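Biologist: I have a new model open and would like a close look at one spot in it, with enough of the surroundings to make sense of the place. Please take your time and connect the pieces as you go.

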Amino acid sequence: FSFSWQTTFQDGGEEVEDGAVYNVTLKKVQIQQAANKGARWLGGEGDQLPPEHTVRQYETSKIRAIKAGTLEKLVENLLTAFGDADFSYISIFLATYRAFASPRAVLELLLDRFGNLETSSQGEVANLNSLESEMVLRAEIASVLRAWLDQCSEDFREPPDYMCLLKLLHYLKNNMPNSDMESRVQNLLKQFQNQEVEAVDGFCSTSSSDLVDGEELESSNPEEFSSFQDHVVAEQLTYMDVMLFRRVVPYHCLGSIWSQRDKKENKNLAPTVRATITQFNAVTKCVISTILGTRELKIQQRAKIIEKWIHIAHECRILKNFSSLRAIISALQSNSIYRLKTTWMCVSKDILLMYEELSEIFSDHDNYLTSRELLMKEATSKFANLDSSEKENQKKSQKRLQLQKTKGVMQGTVPYLGTFLTDLIMLDTALQDYVEGGLINFEKRRREFEVIAQIKLLQSSCNSYCLIPDQKFIQWFRRQRHLTEEESYKLSREAEAAADTNILSPKSQKSMVKRISTLFLGTDVFTPPKEQPLKSSPVGGSSGESTDSASVSSCEFNHSETEDVCVTPVSSPEDPLKKGSISSDKGSGCSKGSTCDAGSGLDSGSMPCRDSGPVLSSAPRALPVYNRQSEGSCIIRVSMDGLQDSIYKSILITNQDRIPDVTQRALLKHNLEPDAVEDYELVQVISEDKELVFPRDANVFYGMNSHVNFDFILRKRA
């Protein structure tokens with residue numbers, strides 16, 4: 001006999017149970033069966049028979065995927081998902097449950113309610129009196145626990161008591177004594193107890209406490225910097241980035257987690273993400289300080305340092321390190337560096353072309369489609385895929401790649417984390433946490449897992465790197481004194497007098513800086529003072545602001561702003577490099593000048609701004625976005641007048657929302673009492689001197705001006 005299979009899927013609608021809603025898919029498998037012998041006598045060629053001589057059998061199976069449910073149902077589904085053919089459920093739940101539950105709550109439900117054979121009711125697990133059912137349940141519990149320990153062992157790191165780990169160990173001793181699982185949990189407990197607490201930002205802190213005795217922060221020494229070979233600098237930056245990225249705990253990136261970090265009680269929230277942001281900022285500031293930190297440099301010497309950083313950026317590209325690559329490009333596009341017209345004119349044409357090609361990687365066109373596609377293309381490739389329109393650059397790239405291949409050195413991929421943080425913040429803003437009946441919206445978690453899975457894939461690829469730390473460079477990197485925004489701008493003016501005397505200094509022109517401490521468009525966005533002139537340009541970016549051709553100066557941070565990031569446009573129609581020359585000072589980095597306080601939070605120069613807002617390329621359906629009304633919903637940004645008037649919070653509104661609803665959500669987002677709705681009025685900023693004040697019960701969606709930025713202010717009534 002010969003067989004062939006054909007599988008089709010059909011939507012089976014929804015199934016509703018007490019406390020849960022399931023999506024049902026019908027999987028239909030068609031099996032064609034034919035006898036080989038005599039096939040030719042029946043008119044068939046080879047083993048093929050005419051249609052009338054084949055036997056078709058159909059098998060239909062039902063796939064149930066939980067769509068929404070109570071916490072109890074979601075935990076119970078961990079035990080039944082495999083039987084429902086929802087094979088990815090356990091991984092999705094473990095990666096996202098911290099958004100709606102604690103490890104202790106999940107563990108108690110799993111072990112005490114569903115894992116206790118003596119107290120489980122027949123409604124929860126059928127036929128528990130039978131030995132077979134008991135063995136099945138024990139196997140299911142063991143499978144879930146094994147996956148939990150494999151994928152999210154950090155969930156159990158709760159010093160000094162380790163209550164969850166001790167509870168789990170007690171359960172295993174009683175129900176699975178002397179098992180491999182029990183030994184594993186005991187070893188994990190010992191590991192946590194014996195492990196010294198490590199600072200996740202050990203590579204990028206520049207505080208004096210992190211320096212070796214006798215060392216002090218110092219201004220950049222051009223000669224010492226020039227002594228490091230370009231590929232060595234790129235390798236060491238990659239080494240530091242890899243160490244930090246591999247430590248990133250995926251759930252720290254969830255929008256609902258990351259967006260809460262500004263609350264006083266959450267100052268230690270998501271430390272692994274903060275560490276990558278601090279490192280990004282350190283690289284950006286290092287670039288700026290090496291170029292501007294030494295006043296005595298001649299223009300040609302400064303141009304050589306810029307050339308060296310472009311070469312280092314290119315080496316980062318070969319190493320597939322998109323984080324430091326973006327940090328370097330962003331620093332070179334910061335206002336204090338970008339404005340050095342004469343210096344840039346001394347940079348060779350070939351290197352300018354290389355710089356332009358590297359900048360194009362982070363073009364904001366079509367929601368950063370180029371960088372997204374490139375990242376996914378190279379996520380699992382052994383080596384970088386380098387294409388250059390400039391022949392000399394292509395020759396150098398291929399030579400370096402060939403050297404890597406000859407040595408058999410494979411590369412991982414270090415992403416720019418801000419892209420994923422932006423997507424997760426947008427998902428968290430656009431999709432509801434709960435649906436009708438107060439059920440947890442698990443469809444939202446499935447969407448979030450699509451992003452989390454990409455992060456985990458890239459973390460796995462980083463195991464391919466084989467880099468050795470160079471302590472001489474690392475110590476030099478740590479010792480660099482970071483210039484503040486005002487210092488770098490002042491030094492830039494000293495190096496080259498401004499061609500345009502009307503340009504504002506950084507102190508009054510905050511539009512040059514975009515800080516990111518939550519997520520680009522994400523939850524918070526810093527904006528410039530109102531006296532600042534606004535400019536517009538066709539270029540856009542994820543923060544929902546238009547930009548002009550200037551970029552951003554370095555950010556000045558205090559002890560509580562270590563995760564902030566400066567953002568800058570990477571490429572614009574007015575980019576002087578496209579014209580073969582460097583233009584004079586451009587005033588600001590963004591027309592609204594705001595800093596998208598976004599989860600990505602990386603320093604100078606990250607994500608520019610875009611009117612349409614970011615949309616996940618992997619999303620099966622469109623999500624509400626900033627600055628665009630679509631299908632009865634959109635995202636607006638609301639700041640508080642007077643109190644934190646420089647910080648925006650993103651809020652999803654629909655065509656059903658009126659002023660009290662929006663005001664209450666805005667107050668909650670800003671961590672203020674939601675009961676004070678009547679004390680505030682909602683105002684849309686139309687321009688510098690125009691505002692739209694809404695009546696108390698107006699419909700915000702239909703009443704707002706949709707032809708300007710969706711920026712609102714909550715102001716206390718007189």
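Which residues does S324 touch, not counting residues up to four places away in sequence?

Modeller: Happy to, with one reminder before we zoom in: this is a predicted model. Leaving out residues up to four places away in sequence, S324 touches L237, D241, V283 and C316. S324 itself sits in helix α12, which spans residues 322-332. Its relative accessibility is 1%, and since buried means under 20%, S324 counts as buried. One of its contacts, C316, goes to the limit: at 0% relative accessibility, C316 is buried too. Another cysteine makes a good contrast, as C466 has a relative accessible area of 64% and is therefore exposed. While we are on cysteines, the structure holds zero disulfides.

A second serine is worth setting beside S324. S256 lies in helix α9, residues 255-258, and its relative accessibility of 15% makes it buried as well. Beyond its neighbours within four places in sequence, S256 is in contact with A99 and D428.

Now let us step back to the whole chain. The protein has 718 residues, and 55% of them are buried. Its secondary structure comprises 23 helices and 13 strands. Among contacts with a separation of 6 or more, 75% link residues 24 or more positions apart. The surface exposes about 31,900 Å², with carbon and sulfur atoms supplying 49% of that area.

On to the interior. In soluble globular proteins, nonpolar side chains tend to be buried together. Here the largest nonpolar core has 128 residues, and F93 and W309 are the ones with the most contacts inside it. Helix α10 (residues 271-292) gives this core its largest share, 10 residues. Looking past its neighbours within four places in sequence, F93 is in contact with L74, V75, L78, F100, V106 and F442. Apart from this core lies another, of 23 residues, including I636, V638, L667 and F694.

V106 leads us to helix α3, residues 103-113, whose buried residues are P103, V106, L107, L109, L110 and L111. The cover over these buried residues includes α1 (71-80), α2 (89-96), α4 (131-152) and α5 (163-175).

I636 and V638, which belong to the 23-residue core, take us to the sheet. It is an open sheet of five strands, in the order β10-β9-β13-β11-β12, with mixed pairing. The edge positions go to β10 and β12 (691-693); each has a single partner strand, so one side of each is left without a neighbour in the sheet. From one strand to the next, the twist averages 35°.

Let us walk across it from the β10 edge. Strand β9 (residues 633-640) and β10 run antiparallel and are joined by seven bridges, with I635 having L652 in β10 as its bridge partner. An edge place does not leave β10 in the open: six of the seven residues in this strand (residues 648-654) are buried, so β10 is largely enclosed by the rest of the structure. On the next step, β9 and β13 pair in the parallel sense over four bridges, where R637 has D711 in β13 as its bridge partner. Strand β13 (residues 711-716) is mostly covered, with five of its six residues buried.

From β13 we cross to β11 (residues 680-685), which runs antiparallel to β13 over five bridges. V683 is a handy marker here, standing opposite I713 in β13 and opposite V693 in β12. That last pairing, β11 with β12, is antiparallel and has three bridges.

Two helices complete the view. Helix α18 (residues 417-430) packs on the sheet and touches β9 and β10, its direction making about 45° with that of β10. Helix α22 (residues 659-669) lies across β9, β10, β11 and β13, and runs at about 150° to β10.

Conventions: Residues numbered from 1 in each chain as written. Predicted model: local features only at pLDDT ≥ 70, side-chain atom pairs only at ≥ 80, totals over all residues. Heavy atoms only, no water. Buried < 20%, exposed > 50% of the residue type's maximum accessible area, 1.4 Å probe, protein only. Pairing = 2+ DSSP bridges. Contact = heavy atoms within 4.5 Å. Areas by Shrake-Rupley, 256 points an atom, 1.4 Å probe, with all protein chains shown as cover. Core = buried A, V, L, I, M, F, W, Y, C linked by side-chain atoms within 4.5 Å. Axes fitted to C-alpha atoms, helices over the stretch in contact; angles between N-to-C directions. Disulfide = S-S within 2.5 Å.
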